[in-house]
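How do you read a fold from its strands, its core and its contacts? Let us work through one case, turn by turn.

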Amino acid sequence: MSTDTTASVSTHILDTSIGRPAEGVAITLTARAGFDAEWTALGGSATDADGRCKDLPALPEGTTHVRLDFETEAYFLSKQNKQAEAQQDAPANRDSGTTGVFFPEVAITFAVVPGEHYHVPLLLNPFGYSVYRGS
């Protein structure tokens, strides 16, 4: 997947509030060549049933910074609707704005070097998230 002239990126999402992969989260990949360069959108994908996004676009040669944008609002809204159906008395919104989603998106920016692979897992719940460089 990686070569000597470019880095590669993969990711997955675990919804820690339910202990399961987050399926159907749209992800956009952007990159730039240098801290003062413009961001270039490379494309995107969505997580599968295992929470993985296996078909992110390749990074162009010269990439030094990468950004993964996770569109979490639609995912959480779909979970709220399912929970509301399952728990009729549950509140529809919970102290986080009109949609009830505290983090409508998560943007992770990180530096890369050629020849390296970067796996960046997102651990997500309705009121917090964390990321790390995985293997």
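The dialogue below goes from the whole chain to single residues.

Q: What should I know about the model, and how many helices and strands are there in the protein?
A: Start with the origin of the coordinates. This is a predicted model. The protein has 1 helix and 10 strands.

Q: Where does the helix fall in the order of elements from the N terminus on?
A: Read the elements along the chain. The run is β-β-β-β-β-β-α-β-β-β-β. The helix, then, follows six strands and precedes four.

Q: Of the contacts between residues at least 6 apart in sequence, how many join residues at least 24 apart?
A: This share tells you about distance along the chain. Here 66% of those contacts join residues at least 24 apart.

Q: How much of the protein is buried, and how much of its accessible surface belongs to carbon and sulfur atoms?
A: Take the residues, then the surface. There are 135 residues, and 36% count as buried. The accessible surface comes to about 7,700 Å². Carbon and sulfur atoms hold 50% of that area.

Q: Which strands make up the open sheet, and in what order?
A: First the general idea. Strands of a sheet pair through backbone hydrogen bonds, in a parallel or an antiparallel sense. Now the case. The open sheet has 4 strands in the order 4-3-6-7, and the pairing is antiparallel. Strand 4 (40-46) and strand 7 are the edges. Each has a single partner strand, so one side of each lacks a neighbour in the sheet. From one strand to the next, the twist averages 20 degrees.

Q: How many bridges join strand 6 to strand 7, and which residues stand opposite each other?
A: Count the bridges, then pick out pairs. Strand 6 and strand 7 run antiparallel and are joined by 6 bridges. Asp69 is opposite Ala107 of strand 7. Val66 is opposite Phe110 of that strand.

Q: Which side chains of strand 7 point to the buried face?
A: Look for alternation along the strand. Val106, Ile108 and Phe110 point to one face and are buried. Ala107, Thr109 and Ala111 point to the other face and are not buried.

Q: Which residues of the largest nonpolar core touch the most other members?
A: Look for the residues with many core partners. The core has 26 residues, and Ile13, Leu68, Phe70 and Phe110 touch the most other members. At least two core residues come from each of strand 1, strand 3 (26-32), strand 6 (65-71), helix 1, strand 7 (106-111) and strand 9.

Q: What is Phe110 in contact with, leaving aside neighbours within four places in sequence?
A: Now list its partners. Phe110 contacts Val9, Thr64, His65, Val66, Leu68, Tyr118 and Val120.

Q: Strand 1 supplies core residues too. Is strand 1 mostly covered or mostly uncovered?
A: Count its buried residues. Strand 1 spans residues 8-15, and 7 of its 8 residues are buried.

Q: Which strands run parallel to strand 1?
A: Check the sense of each pairing. Strand 8 (residues 117-119) runs parallel to strand 1, with 3 bridges. Val9 has Tyr118 of strand 8 as its bridge partner. Strand 9 (residues 122-125) is also parallel to strand 1, with 3 bridges. There Ile13 is opposite Leu122.

Q: And which strands run antiparallel to strand 1?
A: Take each in turn. Strand 5 (residues 52-53) pairs with strand 1 over 2 bridges. Thr11 is opposite Cys53 in strand 5. Strand 2 (residues 20-21) is joined to strand 1 by 2 bridges. Asp15 has Arg20 as its bridge partner there.

Q: Which residue takes a positive phi in the hairpin of strand 1 and strand 2?
A: Look between the strands, where the hairpin has 4 residues. Gly19 takes a positive phi near 70 degrees.

Q: Is Thr72 buried or exposed?
A: Start from its place in the fold. Thr72 lies in helix 1 (residues 72-86). Thr72 is buried, because its relative accessible area is 0%, under the 20% cut-off. Its side chain reaches the backbone oxygen of Phe103 at 2.4 Å. Beyond four places in sequence, Thr72 touches Phe103, Pro104, Glu105, Val106 and Leu124.

Q: Where is Gly115, and how far is its C-alpha atom from that of Thr5?
A: Compare separation in sequence with separation in space. Gly115 sits in the loop between strand 7 and strand 8. Gly115 is partly exposed, at 32% relative accessible area. Gly115 and Thr5 are 110 residues apart along the chain, yet their C-alpha atoms are 6.1 Å apart.

Terms used: Residues are numbered from 1 along each chain as its sequence is written. This is a predicted model: local features need pLDDT of at least 70, side-chain atom pairs count only at pLDDT 80 or more; totals for chains, interfaces and linings use all residues. Side-chain values use heavy atoms; hydrogens and water are left out. Buried means under 20% relative accessible area, exposed over 50%, partly exposed in between (1.4 Å probe, protein chains only). Two strands pair if DSSP finds at least two bridges between them. A polar contact is a pair of N or O atoms within 3.5 Å; within protein, one must be able to donate a hydrogen and the other to accept it, and residues adjacent in sequence count only if both atoms are side-chain atoms. Contact means heavy atoms within 4.5 Å. Accessible areas come from the Shrake-Rupley method with a 1.4 Å probe; for residues, only the protein chains shown count as cover. A nonpolar core is a set of buried Ala, Val, Leu, Ile, Met, Phe, Trp, Tyr and Cys residues joined through side-chain atoms within 4.5 Å. Axes are lines fitted to C-alpha atoms, for helices over the stretch in contact, and angles run from 0 to 180 degrees between N-to-C directions.
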